[in-house]
Amino acid sequence: RLKRKMENSGKCNARACTAMILQEADSYEPSNEEIEEYGRYLGLRLPDEKHLLHIAKTGLLQKTPEPWEVCAADEGEIYYMNGDTGIVSWEHPLDGHFREEIEKARANFSGDKEVMMEEENIPEIPIVQQIE
């Protein structure tokens, strides 16, 4: 399970949450290894789809959207709880969104991978603030 950089910020206040709530660090730059690991977690076929790693990096940089809270169980496992509904998930609430972005990029990709790797040709992935 992947763990984004977190800082302890006290007890979780969501209903039915007895673990610690964590606050995401403001400054976080994922390593290439973390980006590749998250890319594989999202379903990237590396090294063949290395040109799509920018999607994984964007996903790692996303904050957890409200009303979700990041909690840690006593054993240190990170999970996510929706403070409004009480729904608990082991996956970041935006992981599904970034899996869809990868599928869209696969469907739309018809060019040269080397061209896609050039910084100026990397498509913008919108920053997601709220999931629906």
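Here is a short conversation about helix 1 and the helices it meets.

Reader: What kind of model is this, and how are residues numbered?
Author: It is a predicted model, where local features need pLDDT of at least 70, side-chain atom pairs count only at pLDDT 80 or more, and totals for chains, interfaces and linings use all residues. Residues are numbered from 1 along each chain as its sequence is written, and side-chain values use heavy atoms, leaving out hydrogens and water.

Reader: Which residues of helix 1 are called buried?
Author: In helix 1 (residues 32-42), they are Ile35, Tyr38, Gly39 and Leu42. Buried means under 20% relative accessible area (1.4 Å probe, protein chains only).

Reader: Why do we say that they line one face of the helix?
Author: Looking down the axis of helix 1, the buried residues fall within an arc of 105 degrees, so they line one face. The arc is taken from the directions from the helix axis to the C-beta atoms.

Reader: What makes helix 1 roughly perpendicular to helix 2?
Author: Their packing angle is about 100 degrees, with the axes 8 Å apart. Roughly perpendicular covers 65 to 115 degrees, so helix 1 is roughly perpendicular to helix 2.

Reader: And what makes helix 1 roughly perpendicular to helix 3?
Author: Those axes cross at roughly 85 degrees and come within 9 Å. That angle makes helix 1 roughly perpendicular to helix 3.

Reader: Which residues of helix 1 and helix 3 are in contact?
Author: Contact means heavy atoms within 4.5 Å. Tyr38, Tyr41 and Leu42 in helix 1 meet Asp95, Phe98, Arg99 and Ile102 in helix 3.

Key
Buried < 20%, exposed > 50% of the residue type's maximum accessible area, 1.4 Å probe, protein only. Helix = DSSP H or I, 4+ residues; strand = E, 2+ residues; numbered from the N terminus. Axes fitted to C-alpha atoms, helices over the stretch in contact; angles between N-to-C directions. Parallel < 35°, antiparallel > 145°, perpendicular 65-115°, else oblique.
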